[in-house]
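Q: Can you walk me through this model? Helix packing first, then cysteines.

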Amino acid sequence: MRKYFGTDGIRGRANGIITPDLALRVGQAAGVMFRQRGDYRHRVVIGKDTRLSGYMIESALQAGFTSVGMDVLLLGPIPTPAVAMLTRSMRCDLGVMISASHNPYEDNGIKLFGPDGFKLNDDMELQIEALIDSDLTQRLSGSATLGRAKRIESVHARYIEFAKRTLPRQIDLEGMRVVVDCANGAGYKVAPEALWELGAEVISIGVEPNGFNINHDVGSTAPDALVNKVREMRADVGIALDGDADRVLIVDEKGNKVDGDQLMAVVARSWKEDGRLAQPGIVATVMSNLGFERYLNAMGLNLVRTAVGDRYVLEHMRAHGFNLGGEQSGHIIMSDYTTTGDGLVAALQLLAVVKSMGKPVSEVCHCFEPLPQVLKNVRYKSGKPLQDASVIQAIEAGRERLGAAGRLVIRPSGTEPVIRVMGEGDNEDLVNRVVDDVVQAVSQAASKVAA
């Protein structure tokens, strides 16, 4: 069991779980671990999104890293995938992103990347946890070997150029009217600029962060603002990022939402035709729609499913040689270009297909008819409701009722105290009844624990 790290770094209420003291100790622990890589000046890059608490956490991390002799390069507000890319390209020992992704501004988090730009694996995180809870007094640097810190100013231009170069040379966005919603988050500067430099007419929303409005009624988790703007401006496409810009949701010219499954289907089809798929299939999670799996199978491609979390998708991709994978939520990983989910790069790859086909987004992106899928959340205060006998029985009964024509996935969230219940199948009424029965059982078990 891990004490601090969840499925995507350390996350929780700012000044509740994510305190300056914890951030300081994370910096010291990770610094101690990674400064053992050789006898040279070790350094770490630190990026953040636009939450008010980012200032506090950034300063505490900076103090932690410099206290154990690591130099700190401060990037300011910048997307998570940019931190991963810059960690690698600037030859840093470690990269840190301060963000709680799609969560509200009250939360924040700490994500760590290794020198190769990939998120740390479970074993590394466990080693850091052990160091966090240990006495690090004797492992602090002496007065003459403390680290230095400086702010790097050119990072936005470097990331924009990187993102643009993922497109084929002959592709630009000339003649396209694009609405981009940056969720008042980390991509608010780089995404509109990259799209404009590629030739698009850009209408931007969610680009006025104030420390409190990240993900608030904007972004990939609240796409109604984007839908309305696309229709109002008669745009060709809408692009919604989340708070740290590592996931994306697309809206077509009619105002219809295109999720990660449809986006992956478009790219998989295009890459298969171009001979660019490294394996005859892609990697996704247990949450991806069964209709998506059937679509891939009809093309002779497999869908390999992993646990929820882009890190698990990526681990399977790296272990088995896949170069395309992602999540229904919009974390799309294209390992030919990136080491983590990248909302902007994924959007650009989709727009490249749209431009090359010369068809509207609504035609390009409607690859398959998704099966009815119902997702409901049950919030709980404590305990383990999924281990209750009545819940186990309800889940078994639900799976039996759905049979081979459907799926039932129940899992605890890795970022908040919530049980997620997802059901899908050809019969929508049956799916709803099965999900409701499981939700009721989980709710009753949770209330028993609370009482």
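A: Here are the helix contacts, then the buried residues and cysteines. It is a predicted model, where local features need pLDDT of at least 70, side-chain atom pairs count only at pLDDT 80 or more, and totals for chains, interfaces and linings use all residues. Residues are numbered from 1 along each chain as its sequence is written, and side-chain values use heavy atoms, leaving out hydrogens and water.

Q: How do α1 and α4 cross?
A: The axes of α1 (residues 20-34) and α4 (residues 122-132) come within 9 Å, crossing at roughly 120 degrees. That makes α1 oblique to α4 (oblique is outside under 35, 65 to 115 and over 145 degrees).

Q: Which residues of α1 and α4 make the contact?
A: From α1, they include Leu22, Arg25 and Val26. From α4, Met124 and Gln127 are among them. Contact means heavy atoms within 4.5 Å.

Q: How do the residues of that contact divide?
A: Into 11 nonpolar, 1 polar and 1 charged. Ala, Val, Leu, Ile, Met, Phe, Trp, Tyr, Cys and Pro count as nonpolar, Asp, Glu, Lys and Arg as charged, the others as polar.

Q: Switching to α5. Which residues are buried?
A: In α5 (residues 155-164), Val155, Tyr159, Ile160, Phe162, Ala163 and Lys164. Buried means under 20% relative accessible area, with a 1.4 Å probe and protein chains only.

Q: What do they pack against?
A: β3 (71-77), α3 (80-89), α6 (190-197) and α11 (343-357).

Q: How many disulfides?
A: The whole structure has 0, counting cysteine sulfur pairs within 2.5 Å.

Q: Why is Cys367 not bonded?
A: Its closest cysteine sulfur, in Cys365, is 6.8 Å away, too far for a bond.

Q: Is Cys367 buried or exposed?
A: Buried, because its relative accessibility is 14%.

Conventions:
Axes fitted to C-alpha atoms, helices over the stretch in contact; angles between N-to-C directions. Helix = DSSP H or I, 4+ residues; strand = E, 2+ residues; numbered from the N terminus. Buried < 20%, exposed > 50% of the residue type's maximum accessible area, 1.4 Å probe, protein only.
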